[in-house]
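The following exercises concern the arrangement of domains, cores and a pocket, together with some individual residues. Each task is followed by a solution in steps.

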Amino acid sequence: MTDPAQLEAALSPVAGTRATARIEGSRASIILDVSGLDASEHDPLEARVRAAALTVPGIETVRVALTSQRTRRLSIAVASGKGGVGKSTVSANLAIGLKARGRRVGLVDADIYGPSQPRLMRVEGSKPTARDKVLQPVSTPYGVPLLSMGQLVAADQAIAWRGPMAAGALGQLVDANWGDADTLVLDLPPGTGDVQLTMIQKHRPAGAVIVSTPQDLALIDARRAIDLFQKAGIPIIGLIENMAGYACPHCGEVSDPFGQGGAEAAARELGIAFLGRIPLDIAIRTGSDAGLPPVAGNGPEGAAFAPIADAVSRWIETEGR
Ligand code: ADP
């Protein structure tokens, strides 16, 4: 009996992540996703896949079925220089905000160090199912299906993952059955490690949003994250300043103990767009902890996310490809 991993290893150099294979006895059944390819490329690719499968010992016949997802899907990476700056909070609210602006959105939580999206999106404890080894995202109350590293492995184990394992898991999340989703929001781990590199090299996000606190901006980390994407030719959609100023829980007024405008100036200096500021607001934390993302409610704490979702939505329509 042929080992499916052997077949996968033979197919991956010719078809990347486009081929999904099953083995029954000596027969390989392969589903080949030709989305985005020119029709003239279909036959040559199918022939190469067929030939590669036949090189695997024990495979005698090969059946190839072509599929194409009609919708073109792009992904938006949400990144930060370091942890705890609100990257996951922004990702969840951006995903819901884009959905409210008419996009069909899926959310990928690739933050191996702190996969918090199941809690933020109110589906804590949920487990995705798999069909033909392809993961099925979990539905959330906000109309944004979700897959999280935290659903694949207990959170306290994920942190011990070695780079290649995390990179492999990322592939499973991105190449899941996202149905008709046209936009994936990717909540990346903080920093510039293996998951980011795999994401950039293999999955090519259309653009990246960088989240930073006012203090973080002065540090080298946020700039390093920006640099990583720019060097790889991935456009920076813009910078979001989170925990900017303090929203008084009594009167709602935002005060600015550290002064204002630093992030905008930094964005200008770096030559990237400034997408907006989100105040430090207790209601944002309590809502997030309770699985009630601010943009999904009617409270004033959701307001700061709206212009950001508007800006990203506009970027997708004009620049996204
Ligand atoms: P990261 O993904 O960058 O590690 P999180 O989104 O998990 O950061 O945010 C870290 C903590 O800060 C969470 O408890 C979150 O609820 C809280 N938080 C994030 N943004 C804000 C904000 N603007 N106001 C108040 N609390 C916030």
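Helices (H or I, at least four residues) and strands (E, at least two) are DSSP runs, numbered from the N terminus. The model under study is predicted.

**Exercise 1. Locate Arg204 and describe its backbone and exposure.**

Step 1. Arg204 belongs to the loop that connects helix 8 (194-203) with strand 10.
Step 2. The phi angle of Arg204 is near 40°, a positive value in a residue other than glycine.
Step 3. Most residues other than glycine have a negative phi.
Step 4. The relative accessible area of Arg204 is 43%, so this residue is partly exposed.

**Exercise 2. Determine how the protein divides into domains and how far apart their centres lie.**

Step 1. The domain assignment gives domain 1 (4-67) and domain 2 (74-318).
Step 2. Taken over C-alpha atoms, the centres of domain 1 and domain 2 are separated by 34 Å.
Step 3. In the contact, 5 residues come from domain 1 and 5 residues from domain 2.

**Exercise 3. Characterise the surroundings of Ile59.**

Step 1. Ile59 is placed in the loop between helix 2 (39-54) and strand 3 (61-67).
Step 2. Buried means under 20% relative accessible area. Ile59 has 6% and is therefore buried.
Step 3. Not counting residues up to four places away in sequence, Ile59 touches Thr2, Ile23, Ser26, Ala28, Ala53 and Leu54.
Step 4. From Ile59 to Gly291 the separation is 232 residues in sequence and 49 Å in space, C-alpha to C-alpha.

**Exercise 4. Identify the residues and elements that build the largest nonpolar core.**

Step 1. The largest nonpolar core has 35 residues, of which Met121, Ile278 and Val312 touch the most other members.
Step 2. Elements that give two or more residues to this core include helix 3 (87-100), strand 11 (236-247), strand 13 (274-280) and helix 13 (305-318).
Step 3. Beyond its neighbours within four places in sequence, Val312 contacts Leu94, Leu98, Val209, Ile237 and Leu275.
Step 4. A second, separate core of 32 residues includes Val108, Ile112, Ile234 and Leu239.

**Exercise 5. Establish whether Leu146 is buried or exposed, and list its contacts.**

Step 1. Leu146 lies in strand 8 (residues 146-148).
Step 2. The relative accessibility of Leu146 is 0%, so Leu146 counts as buried.
Step 3. Leaving out residues up to four places away in sequence, the contacts of Leu146 include Leu107, Asp109, Met121, Val123, Pro137 and Trp178.
Step 4. Gly163 is 17 residues from Leu146 along the chain, and their C-alpha atoms are separated by 22 Å.

**Exercise 6. Describe the second largest pocket and its lining.**

Step 1. The volume of the second largest pocket is about 460 Å³.
Step 2. The pocket is lined by 27 residues, and the closest to its centre are Gly84, Val85, Gly86, Thr89 and Met243.
Step 3. Two or more lining residues come from each of helix 3, helix 4 (117-120), strand 11, strand 13 and helix 12 (282-289). The largest share, 5 residues, is given by helix 12.
Step 4. By class, the lining divides into 10 nonpolar, 10 polar and 7 charged residues.
Step 5. Met243 lies in strand 11, and its phi is near 60°, a positive value in a residue other than glycine. With a relative accessibility of 30%, Met243 counts as partly exposed.

Methods: Residues are numbered from 1 along each chain as its sequence is written. This is a predicted model: local features need pLDDT of at least 70, side-chain atom pairs count only at pLDDT 80 or more; totals for chains, interfaces and linings use all residues. Side-chain values use heavy atoms; hydrogens and water are left out. A nonpolar core is a set of buried Ala, Val, Leu, Ile, Met, Phe, Trp, Tyr and Cys residues joined through side-chain atoms within 4.5 Å. Buried means under 20% relative accessible area, exposed over 50%, partly exposed in between (1.4 Å probe, protein chains only). Contact means heavy atoms within 4.5 Å. On a 1 Å grid over the protein atoms alone, a cavity is a set of points where a 1.4 Å probe fits but cannot get out, and a pocket is an open set with protein on both sides within 12 Å along at least five of seven lines; lining residues have an atom within 4 Å of a point. Grid points are joined across faces, edges and corners, and a volume is the space filled by probe spheres set on the points. Ala, Val, Leu, Ile, Met, Phe, Trp, Tyr, Cys and Pro count as nonpolar, Asp, Glu, Lys and Arg as charged, and the others, Gly among them, as polar. Domain bounds come from an automatic or database domain assignment.
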